[in-house]
Amino acid sequence: MSNGGNEPGSRALALQPVIDLNNAKEQLRFRCREVGPDALSDLEIITLLLVPLYRWEHAKTIAQRLLTEFQSLPELLNAPRHRLLEFPGVGPVLADTLSAIRQCIVRSARAEITERRILDCWSEVIDYIQATMGYLEIEQFRCLFLNKKHGVIADEVMQEGTVDHTPVYPREVMRRALILQASALILVHNHPSGDPTPSRTDIELTAQLVDIAKPLGIEINDHIIVARGLAVSFKGMNLL
């Protein structure tokens, strides 16, 4: 027996929004919902992000210019705030939004490796390192401190430098490892140049750290260099 429009299904149907598929903005939103965001291009994703902040035509124009300037979505999300604010049409609200999105990515990646054995989530470790420092404009040296089960105790930036150099003090690294009672370390740094190939200095520093760590019963598990989406492992290159 029908109760008219009072059935739950009828109410749900009545609340469905009407999609105007002749409207480009609605088409994009519809595809994102129904087909999934994976089906959208980087340009469409950026445009969808800008729609709440700008009129549709303005959002499309700024999205295209941003993608042309920064070349890819990762480069855009990792762009320094000062560069974003120098770009025509980008104000503090958009710069803050992009920074917040990047921080969401970093925190999600960090959660994937926290309290897990490194060897059980190696690809997630690389993703986290890339998200955290792969696109920095200056070199940064950090350490992942591990316990006896190779779980992450701490992730700390030990030193920051210039565009092509970071001073590293091995004894300070070991002192911090002893304070944290770490059994192993993963050394990490970035090359802003975009080339992750280890330099002679990188190789010599790693050897020095291994020599200091060994008598202390601390293992250097690996040294990873990241550079704009690329990564190399000293262990994978038989340098460790």
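A salt bridge here is a side-chain nitrogen of Lys or Arg within 4 Å of a carboxyl oxygen of Asp or Glu. The model shown is predicted, so local features need pLDDT of at least 70 and side-chain atom pairs count only at pLDDT 80 or more, while totals for chains, interfaces and linings use all residues. Residues are numbered from 1 along each chain as its sequence is written, and side-chain values use heavy atoms, with hydrogens and water left out.

**View 1. Arg31 and Glu44 form a salt bridge.** Welcome to one of the 10 salt bridges found in a search of the whole structure. The N to O distance between the side chains of Arg31 and Glu44 is 2.7 Å. This contact links distant parts of the chain: Arg31 sits in helix 2 (residues 24–34) and Glu44 in helix 3 (residues 42–50), 13 residues apart. Helices are DSSP runs of H or I with at least four residues, numbered from the N terminus. Arg31 is partly exposed at 30% relative accessibility, and Glu44 is also partly exposed, at 23%. For these labels, buried means under 20% relative accessible area, exposed means over 50%, and partly exposed lies in between (1.4 Å probe, protein chains only).

**View 2. Glu57 and Lys60 pair within helix 4.** Here the side chains meet in a salt bridge with an N to O distance of 3.7 Å. Glu57 and Lys60 are three residues apart in helix 4, so about one helical turn separates them. Lys60 has a relative accessible area of 34% and is partly exposed.

**View 3. Glu69 and Arg83 join helix 4 to helix 6 by a salt bridge.** The closest N and O atoms of Glu69 and Arg83 are 3.3 Å apart. Along the chain, the two residues are 14 residues apart, and their pair links distant parts of it. Both ends can be followed at the surface scale used above: Glu69 is partly exposed at 42% relative accessibility, and Arg83 is partly exposed at 29%.

**View 4. Phe70 and Phe87 make up the one aromatic pair of the structure.** Their ring centres lie 6.3 Å apart and their planes meet at 40 degrees, so the pair is tilted. Rings of Phe, Tyr and Trp (its six-membered ring) pair if their centres lie within 6.5 Å; planes under 30 degrees apart count as stacked, over 60 as edge-to-face and the rest as tilted. Phe70 belongs to helix 4 (residues 56–70), whereas Phe87 lies in the loop between helix 6 (81–86) and helix 7 (92–113), 17 residues apart. Phe70 is buried at 5% relative accessibility, and Phe87 is buried at 11%.
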